[in-house]
Every structure is written in structure tokens, then in C-alpha cells.
Amino acid sequence: MVKKILLGIAIALILLVACFFIFIYPTFNSFLKTETVQFDSSLTIVLGGGGNSGVLVTDSAVVVIDTKMSKPAKELAKLVKEKAGNRKIIVINTHYHGDHINGNNLYKGSTIIIGNYDMDFLKKNIKPEFMPNAFVKDSLMLALGKDTLMLYNLGQAHTFQDMVVYLKSRKLLFSGDLIFDKMNPVLKKESGADIDKWIKALDNILARDIKTIVPGHGKIGGKEIALSLKQYFEDMKTAASDPSKEAELKAKYSSWFNVPSMASTEKTIQYIKDKK
Ligand SMILES: [Zn+2]
């Protein structure tokens, strides 16, 4: 009897480990992979390793947009410090999620800017070492030599306060997680994810003079990546209210990346249904 129980436990453990290596590890591993794009002589974009990041070298400061997590965060900080030399470093967090801010501790003494979240909410959700120290209610202009950065807090959408960063002369927008490119977006009630408000934020982005978008996750694109996420949300809303269209609309996004147990067309449809 005892032998049988032990055998059962051993088999369960082996299956668990196998599941981890087959399903979870490859996703996690690909999540931590990075790709560096030298956009122009002063702007470097580091895709992956958590959220996508930007490093802009200006005459007076080096600006980092989103600081990643774990090892890629350290690699990014090394790159930023090499580029900065004696210049000050300014950090911008598009939102509070760990994959975008868990490198903040590597920029001690820097101004770290985020949207104007409720302070109690931030303290509950961010470890002290990653805590930003400057907050944007509506918008903020950073004029750094010949570069002008506009920070727009678009309010609640993916989280309670989502900020985008617009590099004026390049007409380039760092959207944070307001845009996931060809990926099912992560929706968390406790983060403040609100699909109707998210669609409005995408409309706000689509109305602007933008040539290039760096999404929070996925590849660099143009306005079409904002438009396709808007269409996705519209389609998922239709699927949630009309079961006869659900299969067809889910199939339309079958090539989009899923985050195991976190993001898929099913999860999005359920999220919409639960809100009603
Ligand atoms: Zn996020």
C-alpha cells in the first residue's frame, strides 16, 4: 500500500517536472530573450527580457524607458551606464508591472517617473527597492537638448495609470502594455484592466501623429499594431455576446501568442463576460 502511494507520488512529480519543461520553461525562456535594435545613432531599443525598453542618449541625460526584470534588467542597466558616462539617467516606467520596473533598483539616485497611481496601491504592489519617485498626473514634457519627450498619462486601460512616451522628432511612441503585438493581452482585474477604457486609449493613440510604435511586448511596428489590438478587443466583445460567432472569431487570432494560464482568446472572452 505504502509502496503504491510512493509510486503514485513519484509519477505525479515526474509528470509535473515534464509539464514544466515542455510547457512553462520554453515560454519563460523566450520571455527572457532579448533583441537589440539600434533605431538611430542615439536611440537603442531592447526588445524582450520582460517588457520592451528604450534607451535615448541626449545632450544632457540618458533616458531609459522601462527597466525589465531579472538578468535582462542587469544587462540593460550596464548598457545604459556605458552610454551615460557622466550624464544623469532618467527612468520612465510606462506602468507598474514587474516585467517593466524590476530593474529600477539598478538606477540609484535617478529620477524614476511613473503615472499617478494611488500611493497605497503602489506600496501594496511594488517592492520598496523598485518604487518610482516622480508621478505624472496628465502629461509631462522633458526637453533635453534637441530631443523633446512627451509623457502622456492615458489613465486606466491595461492598469489604473498607463503612460505612453512620445519622441517628438522621430514621431515614435513607446506604448507600454497598451499595445501587445500579435499577443493576447494580459488582463488582470486587480491591475485595473478595463477593455472599454483600453479601446479609448487605443483611439487616443491612433489619433496622434505617429510613425513608429514600440509596443510593450512584441515587434516594433506602425499604427497598424494599435489598430489590430483594437479590432481584437472589438471581436472578443462580439464573441462574448454572440456565441454563434465565438469559434470563428477565436480562429482569427489563432496565430497570436498565448501566455500559459494568463492570456488567450478564452481568457479575454471570459474577462469580458465576468465584467457584465
Ligand atoms: Zn503590463
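His 95 and His 158 are both buried. In this predicted model, these two residues belong to the zinc site, whose protein donors are His 95, His 97, His 158 and Asp 177. The briefing covers that site, the strands around strand 3, and a nonpolar surface patch that includes Leu 16.

**Zinc site**

- The zinc ion is bound through NE2 of His 95, ND1 of His 97, NE2 of His 158 and OD of Asp 177, at distances of 2.1 to 2.3 Å.
- Along the sequence, the donor residues follow the spacing H-x1-H-x60-H-x18-D.
- His 95 sits in the loop between strand 5 (88–92) and helix 3 (98–101), while His 158 sits in the loop between strand 9 (147–153) and strand 10 (163–167); the pair therefore ties together parts that are 63 residues apart in sequence.
- The angles among the four donor atoms run from 87 to 170°, and the site is classed as irregular.
- A tetrahedral assignment would require all angles to lie between 85 and 135 degrees, whereas the range here extends to 170°.

**Strand 3 and its burial**

- Strand 3 spans residues 53–57, and five of its five residues are buried.
- Cover is present on both faces of strand 3: Ser 53, Val 55 and Val 57 are buried on one side, and Gly 54 and Leu 56 are buried on the other.

**Pairing with strand 2**

- Strand 2 (residues 43–48) runs antiparallel to strand 3, and four bridges join the two.
- Within this pairing, Val 55 of strand 3 has Thr 44 opposite it.
- The hairpin of strand 2 and strand 3 has four residues between the strands, and Gly 49 in this hairpin adopts a positive phi near 70°.

**Pairing with strand 4**

- Strand 4 (residues 61–65) is also antiparallel to strand 3, again with four bridges.
- Gly 54 has Ile 65 of strand 4 as its bridge partner.
- Three residues form the hairpin connection from strand 3 to strand 4.
- Strand 3 is thus paired with strand 2 and with strand 4.

**Nonpolar surface patch**

- Met 1, Val 2, Ile 5, Leu 6, Ile 9, Leu 13 and Leu 16 make up a nonpolar surface patch of about 780 Å².
- Leu 16, one of the patch residues, is located in helix 1 (residues 2–32).
- The relative accessible area of Leu 16 is 59%, so this residue counts as exposed.

Conventions. Residues are numbered from 1 along each chain as its sequence is written. This is a predicted model: local features need pLDDT of at least 70, side-chain atom pairs count only at pLDDT 80 or more; totals for chains, interfaces and linings use all residues. Side-chain values use heavy atoms; hydrogens and water are left out. Donors are N, O and S atoms within 2.8 Å of the metal (3.2 Å for Na, K and Ca); water is not among the atoms, so sites may look incomplete. Four donors count as tetrahedral if all angles lie between 85 and 135 degrees; four count as square planar and six as octahedral if opposite donors are over 155 degrees apart and all others between 65 and 115; anything else is irregular. Buried means under 20% relative accessible area, exposed over 50%, partly exposed in between (1.4 Å probe, protein chains only). Patches are made of residues with over 30% relative accessible area and no salt bridge: like charges are joined within 9 Å, nonpolar side chains (Val, Leu, Ile, Met, Phe, Trp, Tyr) within 5 Å. Accessible areas come from the Shrake-Rupley method with a 1.4 Å probe; for residues, only the protein chains shown count as cover. A salt bridge is a side-chain nitrogen of Lys or Arg within 4 Å of a carboxyl oxygen of Asp or Glu. Two strands pair if DSSP finds at least two bridges between them.
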